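Work through the exercises below with the model open. Each task is followed by its solution.

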Amino acid sequence: MGEIRKQYRRLSKVYHPDKQGGDQDMFMKIAKAYEALTDEVSRENWIKYGNPDGPQAATFGIALPSWVVEKQNSIWVLGLYMLVFIIILPIAVGTWWYRSIKYTTANLLIQTSQVFFHYLSKPRQLTIKRLLMVMAAAFEFNPQYSKLLPPRPSDDEELTELIHSRDLPHLTVKVKEPVLREPWAVKTSILIHAHLGKVGLPPATLRPDQKTVLKVCPRLINEMINILNQVWIYARYRPSPQVSTPPSQDVYESVMRMSQMVVQQTWDRESVVLQLPHIQTDMLRHFRTRRRNITTVEEFVAMKNADRRSLVRAISDEDYLDVMAVCSSFPHVTISTETQVMDDDDRHKVTAGSMVTVTVTLERVGLLEKYKVDQESLLGSGTVSLEEEDDPVINHNNTVVENVGAGEKGKSQRPSWEKNKKEETEHEEPEEPMEEKSGSVSEEG
């Protein structure tokens with residue numbers, strides 16, 4: 001240590017800035033070296049940070065290619081800057097702006113919102129069938145505005161076959177209203193009805209188009225709710241001849257049920273069991289008999305394994321495993337609440353003026369877990385034969401048959417959609433053409 005101090009003094013006399021011929025930078029290095037050799041903290045800082053004073057402020061720089069700063073390339077660099085900031089950047093911003101003004105905040109075409117506003121603001125009854133027609137008229141499916149649903153050469157033949165088939169009883173294609181009668185809108189409506197009716201489509205043509213339509217449907221339904229809110233505000237606070245009646249609560253509920261229908265692939269009045277895969281309408285006659293009345297998925301899962309397998313014995317073992325796999329994803333939610341007065345000795349005693357804390361607990365388990373269904377023993381042998389069951393309550397045509405005696409077995413009640421057929425005729429009443437102004441779309445559009 002004495003030798004270090006001796007050398008430090010000797011070098012300080014030579015390089016001290018106050019001495020003639022001194023070097024300030026060299027003296028600073030000598031001083032830091034002396035600190036690192038004699039002080040433990042400075043030595044630790046030197047080992048960790050490379051400086052006896054500790055961590056220093058970080059500095060950053062931008063490395064530019066050498067050719068950018070070379071004098072002979074200055075003309076080319078200037079030309080590149082002009083090309084990027086004067087030509088390319090304005091074109092990119094203009095293109096983005098031109099495209100963005102075509103869409104709403106929900107990333108839907110402005111024309112789609114205008115069509116929804118036109119038809120949802122009409123003071124007439126808006127049933128599920130009509131709302132589906134309005135949703136199918138979204139301009140996202142118009143080939144002139146979007147490439148989501150391109151026309152195919154086989155559309156005429158395949159769509160005509162679906163129209164004339166009996167698989168789509170709720171479909172209405174003979175309309176005279178603008179936009180709703182367009183070929184692309186009719187095609188979209190057919191694809192939606194085929195989805196709700198579980199109708200098989202050609203895998204190479206209509207099936208990909210149907211998947212495309214179904215991906216857009218949730219956004220369209222949300223937009224319809226937003227448009228209904230706008231119509232309600234206009235009718236309530238800014239009434240006009242075009243918008244004079246606010247939408248009813250039934251219209252809101254119908255639009256919300258459309259979301260459920262698209263997700264569950266069933267009509268709103270059909271049995272909820274039909275949302276399970278491979279379960280067809282003609283199989284429902286075995287779900288409601290004198291011995292059983294299965295109306296929900298939970299009741300179906302709660303059955304004994306042998307009885308459940310016998311109930312759907314018309315499907316294969318592989319399809320039955322698919323059904324149970326979907327049932328396992330259905331949740332059973334239990335809600336429990338507890339009230340407490342946190343600052344009181346008796347927390348469960350609530351008095352006037354107390355600050356009450358309510359604790360809500362949600363417990364979610366799968367249906368198979370709740371009813372302790374062993375997935376490894378699902379493929380058990382059935383114990384009940386379909387031929388030995390009592391007369392069903394629902395026949396092949398989805399018509400209700402009462403089991404009240406032999407004399408009344410032939411009596412049947414028309415299904416709910418048959419009753420509504422008289423309310424909605426096949427030929428819709430023509431409306432006035434859509435005017436060329438804000439909030440509407442012309443027929444030529």
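**Exercise 1.** List the residues that Met224 touches, leaving out those up to four places away in sequence.

Solution. Contact is taken as heavy atoms within 4.5 Å. On that basis Met224 touches Phe116, Leu120, Leu131, Val134, Met135, Val255 and Met258. The model is predicted: local features need pLDDT of at least 70, side-chain atom pairs count only at pLDDT 80 or more, and totals for chains, interfaces and linings use all residues. Numbering runs from 1 along each chain as its sequence is written, and side-chain values use heavy atoms, without hydrogens and water.

**Exercise 2.** Place Met224 in the largest nonpolar core and name the helices that build this core.

Solution. A nonpolar core is a set of buried (under 20% relative accessible area, 1.4 Å probe, protein chains only) Ala, Val, Leu, Ile, Met, Phe, Trp, Tyr and Cys residues joined through side-chain atoms within 4.5 Å. The largest one has 58 residues, and Met224, Phe116, Leu132 and Met135 touch the most other members. At least two residues each come from helices (DSSP runs of H or I, at least four residues, numbered from the N terminus) H6 (110-120), H7, H8 (155-164), H9, H10 (206-237) and H11 (249-264). H10 gives the largest share, 13 residues. Another core of 23 residues lies apart from it, including Ile294 and Leu367.

**Exercise 3.** Which helices give two or more residues to the lining of the largest cavity?

Solution. A cavity is a set of points on a 1 Å grid over the protein atoms alone where a 1.4 Å probe fits but cannot get out; lining residues have an atom within 4 Å of a point. Met133, Ala136, Thr172, Val173, Leu180, Ala185, Val186 and Ser189 form the lining. The helices are H7 (128-136) and H9 (183-196), and H9 supplies the largest share, three residues.

Notes: 1 Å grid on protein atoms, 1.4 Å probe; cavity = no way out; pocket = protein on both sides within 12 Å on 5 of 7 lines; lining within 4 Å. Buried < 20%, exposed > 50% of the residue type's maximum accessible area, 1.4 Å probe, protein only.
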